[in-house]
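Student: Please take one chain and look at it closely for me. Short steps would help.

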Amino acid sequence: MMTKKDLNKISDFVWEIPKSFRADMRVPARIYADQNLLEKVFDDRSLEQLINVATLPGIINYALAMPDMHEGYGFPIGGVAGFEAKEGIISPGGVGYDINCGVRVLRSDLSFGEIQPHIVNLMNQIQRDVPSGVGQGGGVKLSEESMKKVLEEGVRCIIEKGYGQKEDIEYCEERGMMAGAQASAVSEKAKSRGRDQLGTLGAGNHFLEVQKVDEIFDDKIAAVFGLKKDLVTIMIHCGSRGLGHQVATDYVSVMHKVASKYKISLSDAELACAPFESQEGKQYFSAMASSANFAWANRQMIMHLVRGAWQRILGQSGGQLKLIYDVAHNVAKLEKYDGQNLVIHRKGATRAFPPASHDIPEKYRLSGQPVLIPGTMGTASYILAGTQKAKETFFSVCHGAGRVMSRHAAIRAAESSQLRQKLESEGIVVRCLSNKGLAEEAPMAYKDIHNVVEVVEQAGLAKKVARLKPLGVIKG
Amino acid sequence: MDKSFEILDHPADLKIRAFGKTKEGLFLNMMRGMAESQQGEIENKKEIKKEIKVKSSDLASLLVDFLSEIIYLSQTNKEIYFNAGFRKFSENYLEGELFGQKVKRFNEDIKAVTYHELEIKKADDHWEATVIFDI
C-alpha cells in the first residue's frame with residue numbers, strides 16, 4: 001500500500017515516485033498536484049497504474065500524471081508518457097477507448113446581454129439539430145468511399161463537402177488531419193459502428209455548452225484568442241464514438257496475441273502494446289490516426305450544425321461563430337524533442353505547445369497554443385495558453401477536472417430533478433433527455449476544476465487566459 | 001449460488017460479476033448482465049438469431065472477445081441478446097447462436113469491454129468472473 005511517505009517532494013506542485021520504488025520501473029514517476037489534490041490520488045489505483053506505465057519498454061524521462069489524474073484502464077486518466085520511436089512501444093491503453101476525445105471552442109461576436117433573450121430558443125434549436133444520446137446516429141450515413149476519405153483526410157474532407165469554412169482547418173490540432181492515417185488499418189466492424197455517427201454528440205461525459213467569458217486573466221493573450229469579458233462562446237466535447245472504441249478493442253486484442261512474440265511482459269493486461277516500429281505497432285498507429293481524423297471530422301460536423309442553429313435563431317445579427325481551436329485529449333503522436341523522435345501518449349491530457357512552435361497556427365505563435373480545459377457541468381471551463389516550461393511534461397497539461405465519484409454514487413447523491421432545478425436556478429438552460437445521465441455528471445462527482453487549473457498554472461505548465469461559465473448545457 | 005450476476009459499484013464505469021455452474025453458463029450470465037445494463041427498449045418481441053464465432057488466446061481473452069463481439073453486433077444491428085446456445089466451447093474458442101430482440105434504443109451505452117481488474121476463476125462448485133465495461 002503506497003502512502004505519501006513513498007513520494008519525494010520535488011516542488012510544491014511536483015511529487016516523485018523514485019525508480020527504486022518497484023524493481024520493474026525503468027524511470028521514476030512524477031505527479032503534478034498540490035497537497036489537496038495529492039490526497040485524492042491515494043483513493044483509487046491511479047498511482048499503481050502510473051508505476052505500471054513506468055515499466056514499459058522505451059519510456060524516457062518520467063511517467064507523468066497531470067493534476068486531474070484518476071483511475072483509467074492501463075494508463076491512468078491524466079497520464080502522459082514519451083517512448084523512443086526506435087526502441088519503444090505504442091499502446092492502445094495509453095490512448096484510451098475514445099480515441100481523440102477532445103474539445104473545440106468557438107467564439108461569437110455577441111455579448112451575454114445580446115444572447116440572453118434568445119438563449120432558450122437557441123438551446124432548443126441546437127438540441128434539435130445536433131443528435132445526442134446513447135448510440136444515437138446522425139443525419140449522414142457514410143458510403144464506403146466517404147468513410148475512407150473521412151478516416152484519411154479528417155476535417156479537410158468534411159469541409160470540401162460544405163460542412164464548414166476553409167479557415168477552420170488551420171485552427172485544429174494537426175490541422176484536423178493526422179499524418180499516417182490509413183483506412184485499411186480500421187476494421188469493417190469499426191467502420192460499421194461509425195457509419196451513421198458522424199455529427200453526433202453521444203452520451204456519457206460528452207456535452208455541448210453555450211458559455212460566456214466570466215473572467216479574463218491575461219488581456220493580451222485573450223485579445224489574440226479573440227476573447228473579452230461577457231463574450232459568448234460555444235464548447236463542444238466529444239470523440240470518435242463507436243468507431244474509436246472498436247479500433248481500441250480490436251488492437252488491444254491484437255497486441256495481446258503478439259506480446260510473447262516481442263517478449264513484452266505486462267504488469268496490467270490493459271497496457272497491451274507492441275514495438276512502435278513493428279507491423280502491429282504501425283498498424284495500430286494508422287488505425288488510431290484514422291480514428292482521430294474521424295473525431296475531428298465529427299466535431300467539425302457538429303460545429304457546422306451549431307452554426308446553422310445559431311443563424312436560424314439569431315439571423316444576420318448573430319454574426320459569425322469562429323473556431324478558436326480544437327484539441328485532442330486521448331491520442332498518441334510522433335513528436336521531436338531535442339532531435340529525438342518520441343511517441344507521446346496523452347491519455348486524458350491536452351497538448352499545450354508554447355509560443356514560437358511551428359505546429360500551431362501563425363496567429364498564436366506569440367501567445368502559445370490555446371489550451372482548452374472543459375470543466376464540470378454547471379461550474380466553469382478554462383482557456384489557457386501553452387508555455388516553454390511545459391517541455392518537462394512533453395508540452396502536456398490536464399484535460400478536465402477528473403472524476404472522483406462513481407456514476408452510481410453520483411446518481412445516489414444527486415437527485416437528478418433537484419440538480420436540474422439547481423442548475424436552472426443559476427440561470428443555466430439544461431437540455432438533457434436523461435435525468436440519470438444528468439445526475440451521473442453532477443459537479444460533485446469531479447475534482448474542483450479551479451484547483452486543478454491553478455496547479456497547472458502554478459507549476460508553470462500553462463498560463464490562465466480566460467474562465468468560461470455555462471449559459472446552456474446539452475448532454476447526451 | 002442463487003444469483004446469476006450482480007452489478008458492482010465502480011468510479012467511472014460498469015462492473016459486473018457473473019456466476020455459472022459451467023464456463024458456458026458463466027459466459028451466458030455475463031452476457032445477460034450486460035444485456036440488462038444496456039436497458040434496451042424492445043421494438044418487437046420477434047426472436048432474432050445471430051451466429052457467433054470467437055477465437056482467442058486463453059479463457060480470459062475469450063470472455064472479453066465474446067462480450068466485445070456482442071457489443072459490436074448489438075450496436076450495429078440495434079439488437080439485445082438474452083440467450084446463447086454454444087455448439088463448440090473450449091478454453092480459446094467458441095461457436096454458437098445468440099438469441100435476442102430488436103430494440104428502439106438503449107438507455108445505457110456500453111462501448112467496450114476491458115481487461116481492467118478482469119478476473120475469471122473456478123470457485124468450489126461454480127465459475128465466477130468480474131468484468132469492467134467502458135460506458
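Tutor: Here a helix is a DSSP run of H or I at least four residues long, and helices are numbered from the N terminus. Keep in mind that this is a predicted model. Our part is chain A.

Begin with helix α15 of chain A, which covers residues 449-458. At its start, A:D448 sends a side-chain oxygen to within 3.0 Å of the backbone nitrogen of A:H450. Just after the helix, A:G460 has a positive phi of about 80°. Which residues of this helix are buried? They are A:I449, A:N451, A:V452, A:V453, A:V455 and A:V456. A general point helps when you look along any helix. An α-helix has 3.6 residues a turn, so residues three or four places apart point the same way.

Next, look at a strand. A:H345 sits in β13 of chain A, residues 340-347. Is A:H345 buried or exposed? It is buried, because its relative accessible area is 0%. Its side chain comes to 3.1 Å from the backbone nitrogen of A:S91. That side chain also reaches the backbone oxygen of A:V343, at 3.4 Å. Leaving aside residues up to four places away in sequence, A:H345 touches several others, among them A:F75, A:F83, A:I90, A:V95 and A:V331.

Now the cysteines. How many disulfides does a search of the whole structure find? The search finds zero over all chains. Take A:C101, whose closest cysteine sulfur belongs to A:C238. The two sulfurs are 7.4 Å apart, so they are too far for a bond. The cut-off for a disulfide is 2.5 Å between sulfur atoms. A:C157 is in no disulfide either, for the nearest cysteine sulfur, in A:C172, is 13 Å away. Both residues count as buried: A:C101 has a relative accessible area of 6%, and A:C157 has 1%.

Then move to helix α8 of chain A, residues 188-194, where you find A:S192. A:S192 is partly exposed, with a relative accessible area of 25%. Its side chain has a polar atom 2.7 Å from the backbone oxygen of A:E188. A:L243 is 51 residues away from A:S192 in sequence, yet their C-alpha atoms are 7.6 Å apart. A:S192 also touches B:Y72 and B:T76. Those two contacts take us across to chain B.

How many residues does each chain give to the contact? Chain A gives 32 residues and chain B gives 34. About 2700 Å² is buried between the chains, with 50% of it from carbon and sulfur atoms. On the chain B side, B:K111, B:Y115 and B:H116 lose the most area to chain A, together 23% of what that side buries.

There are two salt bridges across this interface. A:K189 forms a salt bridge with B:E69, with 2.4 Å between the closest N and O atoms. Between the chains, eight residue pairs are in polar contact. On chain B, β1, α2, β6 and β8 each supply at least two residues of the touching side. The largest share comes from α2(B), with seven residues. The residues on that side of chain B divide into 13 nonpolar, ten polar and eleven charged.

Definitions and conventions. Residues are numbered from 1 along each chain as its sequence is written. Chains are lettered from A and ligands numbered from 1 in the order in which they are written. This is a predicted model: local features need pLDDT of at least 70, side-chain atom pairs count only at pLDDT 80 or more; totals for chains, interfaces and linings use all residues. Side-chain values use heavy atoms; hydrogens and water are left out. Contact means heavy atoms within 4.5 Å. Buried area is the accessible area (1.4 Å probe) that two parts lose on being put together, summed over both. A salt bridge is a side-chain nitrogen of Lys or Arg within 4 Å of a carboxyl oxygen of Asp or Glu. A polar contact is a pair of N or O atoms within 3.5 Å; within protein, one must be able to donate a hydrogen and the other to accept it, and residues adjacent in sequence count only if both atoms are side-chain atoms. Ala, Val, Leu, Ile, Met, Phe, Trp, Tyr, Cys and Pro count as nonpolar, Asp, Glu, Lys and Arg as charged, and the others, Gly among them, as polar. Buried means under 20% relative accessible area, exposed over 50%, partly exposed in between (1.4 Å probe, protein chains only).
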